[in-house]
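Colleague: Please take one part of the structure shown below, the contact between the chains, and describe it closely, explaining each term as it appears.

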Protein chains: 2
Amino acid sequence: MHGKMAPMTTIDLPAVPAAPASGDAGCCGPAGSPVGADEAGDLARTFKALADPARVQLLSIVATADGGEACVCDLTEPVGLAQPTVSHHLKILVDAGLLSREQRGRWAYYSLVPAALAQMADSLVGLADADGARR
Amino acid sequence: MHGKMAPMTTIDLPAVPAAPASGDAGCCGPAGSPVGADEAGDLARTFKALADPARVQLLSIVATADGGEACVCDLTEPVGLAQPTVSHHLKILVDAGLLSREQRGRWAYYSLVPAALAQMADSLVGLADADGARR
DNA sequence: CCGACGCATCGACGAGCGTCGATGCCTGAC
DNA sequence: GTCAGGCATCGACGCTCGTCGATGCGTCGG
């Protein structure tokens, strides 16, 4: 009996889940295979990076920023958080593979990683398809 | 100053974010508009429902289950959690609008809400597009 | 060379979340 | 009516997370 497993997921942020996350998506089979525990862990890790209003807002601001990139100083005011907090959130997003960091001079520019977002979206539609296709 | 806002998001689970969550997606404009704070909050609330391996696994199991639905008794073993814990996670998913609950007899059947998943996916690609379109 | 600036890291605090056992409610069987 | 079964709720326990002020490191301007 699994006596008291890890109380939480102990997020380790191993970048984005890999590629074929939705292994239960398009293929056939009677009912597909319900993603393994490890796969679910990877997916949840990346979702956890998006599970905060500040991070969603940061992602959006960077995405709509001119040039596709923004430095920390430009992100502090819109989200209404202190600079260390913003740096903290940005690190989480970078570790999750959703943002990329590039230091130019004494400014750190963050830019979006569209492939990572697209992959998350694929995992979601894969889940929905697994349901709709067989139902 | 914003002196010490809510230390966490105080998730209230208002169902799925609404419809046009990705307001910064397809439209035009020089740089789009970076989702409001309220919008980011709704999005983050729904993502938070997916930010746990057990919940991702539950969603996947229900999606691939025969008939598109499953009762709690069928979900307890695969995730390796106690029954109260599974009920707790299921409630979170239902409140987030990702699952729907239907009580038949003394069994409670949970089924997927594909539209909610698709909407989340749209929000993600909307963010990616906002970046790719202008870059 | 030195001060100013941008940013990351550290340490600490409080709130939220995941987990479980125990308990209660409702349904169906006898 | 009574008993058994499925599920939700409650209360409690740690761990995790978000937040900040203070501090340190590296870079540019004078």
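Modeller: Confidence is expressed as pLDDT, the predictor's confidence in each residue, from 0 to 100. The model is predicted, with pLDDT of at least 70 needed for local features and 80 or more for side-chain atom pairs, while totals for chains, interfaces and linings use all residues. Residues are numbered from 1 along each chain as its sequence is written, and chains are lettered from A and ligands numbered from 1 in the order in which they are written.

Chain A has a mean pLDDT of 82, and 73% of its residues reach 70 or more. Among its helices (DSSP runs of H or I with at least four residues, numbered from the N terminus), confidence in chain A is highest in helix 4 (residues 83–95), at a mean of 98, and lowest in helix 5 (residues 114–134), at 86. Residues 1–6 of chain A stay under 50, and the model gives them 1 contact (C-beta atoms, placed from the backbone, within 7 Å) beyond four places in sequence. Residues 17–29 of chain A are also below 50, with 28 contacts beyond near neighbours in sequence. Where pLDDT is low, the predicted coordinates should not be read in detail.

The relation between the two chains comes next. A turn of 180 degrees, with a shift of 0.0 Å along the axis, lays chain B on chain A with an RMSD of 0.0 Å (least squares on C-alpha atoms with pLDDT of at least 70 in both). That is the relation of a two-fold axis. In chain B, the C-alpha of Ala121(B) is the nearest to this axis, at 2.1 Å.

The contact draws 46 residues from chain B and 45 residues from chain A. On the side of chain B that touches chain A, the elements giving two or more residues are helix 1 (37–49), helix 2 (53–64) and helix 5 (114–134) of chain B. Helix 5 of chain B gives the most to this side, with 13 residues. By class, this side of chain B has 28 nonpolar, 11 polar and 7 charged residues; Ala, Val, Leu, Ile, Met, Phe, Trp, Tyr, Cys and Pro count as nonpolar, Asp, Glu, Lys and Arg as charged, and the others, including Gly, as polar. Of the interface residues of chain B, 98% are also interface residues in chain A, so the copies meet through the same surface.

One pair of helices shows this meeting in detail. The axes of helix 1 (residues 37–49) of chain A and helix 2 of chain B come within 8 Å and cross at roughly 115 degrees (axes are lines fitted to C-alpha atoms over the stretch in contact, with angles from 0 to 180 degrees between N-to-C directions). From helix 1 of chain A, Ala37(A), Ala40(A), Gly41(A), Leu43(A) and Ala44(A) meet Pro53(B), Val56(B), Gln57(B) and Ser60(B) of helix 2 of chain B. This contact divides into 6 nonpolar, 3 polar and no charged residues.

Helix 2 of chain B has a partner within its own chain as well. Its axis and that of helix 4 (residues 83–95) of chain B come within 10 Å and cross at roughly 75 degrees. Helix 2 of chain B contributes Ala54(B), Arg55(B), Leu58(B) and Leu59(B), while helix 4 of chain B contributes His89(B), Leu90(B), Ile92(B) and Leu93(B). The classes here are 6 nonpolar, 1 polar and 1 charged.

Key:
Contact = placed C-beta atoms within 7 Å.
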